[in-house]
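Grab a pencil and have a go at these exercises. Try each task yourself before you read its solution.

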Amino acid sequence: MKLSNKTFDFLKWMAMFFLPALATLVKVIFTIWNLPYGNEISATIVAVNTFLGAILGISNLAYYNQKEES
């Protein structure tokens with residue numbers, strides 16, 4: 001799977017900064033305010049982030065493999 005540079009950079013930013021920060025925010029705010037499902041929501045965000053990291057790793061590997069063949 002090959003992503004454009006713009007798409008890759010955006011998704012990388014999401015995976016490295018936004019989603020971990022969002023998971024932390026949800027976990028902390030839900031705990032402070034005793035809101036339900038904080039663990040479930042933050043765990044879901046972490047799972048999506050892990051999947052996104054795997055996809056980005058595959059894309060990065062494909063990019064460098066293609067570069068070496070050229």
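**Exercise 1. Find out whether asparagine 34 is buried or exposed, then look at its backbone.**

Step 1: Asparagine 34 counts as exposed, at 69% relative accessibility. Here buried means under 20% relative accessible area, exposed over 50%, and partly exposed in between, using a 1.4 Å probe and protein chains only.

Step 2: You'll find asparagine 34 in the loop between H1 and H2. Helices (H or I, at least four residues) and strands (E, at least two) are DSSP runs, numbered from the N terminus.

Step 3: Now the backbone: asparagine 34 isn't a glycine, yet its phi is positive, about 50°. Most residues other than glycine have a negative phi.

Before you go on, note that this is a predicted model: local features need pLDDT of at least 70, side-chain atom pairs count only at pLDDT 80 or more, and totals for chains, interfaces and linings use all residues. Residues are numbered from 1 along each chain as its sequence is written, and side-chain values use heavy atoms, with hydrogens and water left out.

**Exercise 2. Do the same for tyrosine 37: where is it, and what is its phi?**

Step 1: Tyrosine 37 sits in the loop between H1 and H2.

Step 2: Its phi is near 70°, a positive value in a residue other than glycine.

Step 3: With a relative accessible area of 58%, tyrosine 37 is exposed.

**Exercise 3. Describe helix H2 and list its buried residues.**

Step 1: H2 runs over residues 38-69, which is 32 residues.

Step 2: From first C-alpha to last it reaches 47 Å, close to the 46 Å expected at 1.5 Å a residue. That expected span is 1.5 Å times one less than the number of residues.

Step 3: The buried ones in H2 are Gly38, Ser42, Ile45, Asn49, Leu52, Leu56 and Ser59.

Step 4: Their cover includes helix H1 (5-32).

**Exercise 4. Which residues make up the largest nonpolar core?**

Step 1: A nonpolar core is a set of buried Ala, Val, Leu, Ile, Met, Phe, Trp, Tyr and Cys residues joined through side-chain atoms within 4.5 Å.

Step 2: The largest one has nine residues: Phe8, Met14, Ala15, Leu19, Ala23, Val26, Ile45, Leu52 and Leu56.

Step 3: H1 and H2 are the elements that give two or more residues to this core, and H1 gives the most, with six.

Step 4: Zoom in on isoleucine 45: leaving aside neighbours within four places in sequence, it is in contact (heavy atoms within 4.5 Å) with Leu19, Leu22, Ala23 and Val26.
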